[in-house]
Amino acid sequence: FVGADGHSTSGGVQIVEENGQRYLELDSSFRTDSGPDLFVLLHRDAVPGSYNSDDYVNLGRVQSFNGAQRYAIPADIDLSAFQSAVIWCQDFDVTFGYATI
C-alpha cells in the first residue's frame, strides 16, 4: 500500500484462495491512519481518482487499522476487471491508501 491524500497507509496485500473462497488479504505489516468510516474496496483503476459505484466493489469495513486481516471476495466478481485494493473513507470520500493487485 501507498498512502494518499495526506494519509499514511502501508503494508502488503494479496489475493488468496482457500476452500474455494477468494480473499483479499492484508499482511501483518499493514498500517493505516484511523478514520471515521473506512472501507476496503477493489477498484477498477490502478490509482483511484473517483468513487462512482460502477468503479469499485466494497468488501466491508476496515477490521483494524493495523495488522493481518482478510476480506471475502464475492464469487461473482471478475478480478481481472480490478487493478487495485483501496482503503477509503466513505464519510469524506477520501482515499487513505491503495495497492496494485
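In what order do the elements of the protein chain run from the N terminus on? They go β-β-β-β-β-β-β-β-β-β, and the secondary structure comes to zero helices and 10 strands. Keep in mind that this is a predicted model. Below is a quick tour, from the whole chain down to a few single residues.

**Overall shape**

- A compact globule with 101 residues would have a radius of gyration near 13 Å, and the protein chain comes in at 12 Å, which agrees.
- If you're setting up a box, the C-alpha trace spans about 35 × 30 × 20 Å along its principal axes.
- Buried residues make up 42% of the 101 residues in the chain.
- Take the contacts with a separation of 6 or more: 61% of them come from residues 24 or more positions apart.

**A three-stranded open sheet**

- Three strands, in the order E3-E4-E8, make up an open sheet with antiparallel pairing.
- The edges belong to strand E3 (13-18) and strand E8 (69-73); each has a single partner strand, so one side of each is left without a neighbour in the sheet.
- From one strand to the next, the twist averages 30 degrees.
- E3 and strand E4 (residues 21-26) run antiparallel and are joined by six bridges.
- Looking across to E4, you'll find arginine 22 opposite glutamate 17.

**Aromatic rings**

- The count of aromatic pairs comes to four.
- One of them is phenylalanine 1 with phenylalanine 30: the ring centres are 5.5 Å apart and the planes sit at 65 degrees, past the 60-degree cut-off, so the pair is edge-to-face.
- That pair links distant parts of the chain, with the two positions 29 residues apart in sequence: phenylalanine 1 is in the segment before strand E1 (2-3), and phenylalanine 30 is in the loop between E4 and strand E5 (31-32).
- Both partners are buried: phenylalanine 1 has a relative accessible area of 14%, and phenylalanine 30 has 0%.
- Tyrosine 51 and tyrosine 56 also pair up, with ring centres 6.1 Å apart and planes at 65 degrees, so this pair is edge-to-face too.
- Tyrosine 51 is buried at 14% relative accessible area, and tyrosine 56 is buried at 18%.
- Which residues form one aromatic cluster? Tyr51, Tyr56 and Trp88 do.
- For a charge over a ring, look at arginine 70: its charged end sits over the ring of tyrosine 23, 4.7 Å from the ring centre.

**Arginine 31: buried or partly exposed?**

- Arginine 31 belongs to strand E5.
- With a relative accessible area of 41%, arginine 31 falls between the 20% and 50% cut-offs, so it counts as partly exposed.
- Leaving out residues up to four places away in sequence, arginine 31 touches Ser8, Thr9, Ser10, Phe65, Asn66 and Gly67.
- Isoleucine 73 lies 42 residues from arginine 31 along the chain, and the C-alpha atoms of the two are separated by 21 Å.

**Valine 57**

- Valine 57 is found in strand E7 (residues 56-61).
- Its relative accessibility is 15%, which is under the 20% cut-off, so valine 57 counts as buried.
- What does valine 57 touch, not counting residues up to four places away in sequence? The contacts are Val40, Leu41, Leu42, Ile77 and Phe82.
- As for valine 40, it is 17 residues from valine 57 in sequence and 8.6 Å away in space, C-alpha to C-alpha.

**Aspartate 37**

- Aspartate 37 is found in the loop between E5 and strand E6 (38-43).
- This acidic side chain's residue, aspartate 37, is buried, with a relative accessible area of 9%.
- Its contacts, again without residues up to four places away in sequence, are Arg61, Trp88, Cys89, Gln90 and Asp91.
- Trp88 therefore turns up twice in this briefing: aspartate 37 touches it, and it shares the aromatic cluster with Tyr51 and Tyr56.

Methods
Residues are numbered from 1 along each chain as its sequence is written. This is a predicted model: local features need pLDDT of at least 70, side-chain atom pairs count only at pLDDT 80 or more; totals for chains, interfaces and linings use all residues. Side-chain values use heavy atoms; hydrogens and water are left out. Two strands pair if DSSP finds at least two bridges between them. Helices (H or I, at least four residues) and strands (E, at least two) are DSSP runs, numbered from the N terminus. Axes are lines fitted to C-alpha atoms, for helices over the stretch in contact, and angles run from 0 to 180 degrees between N-to-C directions. Rings of Phe, Tyr and Trp (its six-membered ring) pair if their centres lie within 6.5 Å; planes under 30 degrees apart count as stacked, over 60 as edge-to-face and the rest as tilted. Buried means under 20% relative accessible area, exposed over 50%, partly exposed in between (1.4 Å probe, protein chains only). A charge sits over a ring if NZ of Lys or CZ of Arg is within 6 Å of the ring centre and within 35 degrees of the ring normal. Contact means heavy atoms within 4.5 Å. The radius of gyration is taken over C-alpha atoms; the globule rule is 2.2 Å times the number of residues to the power 0.38.
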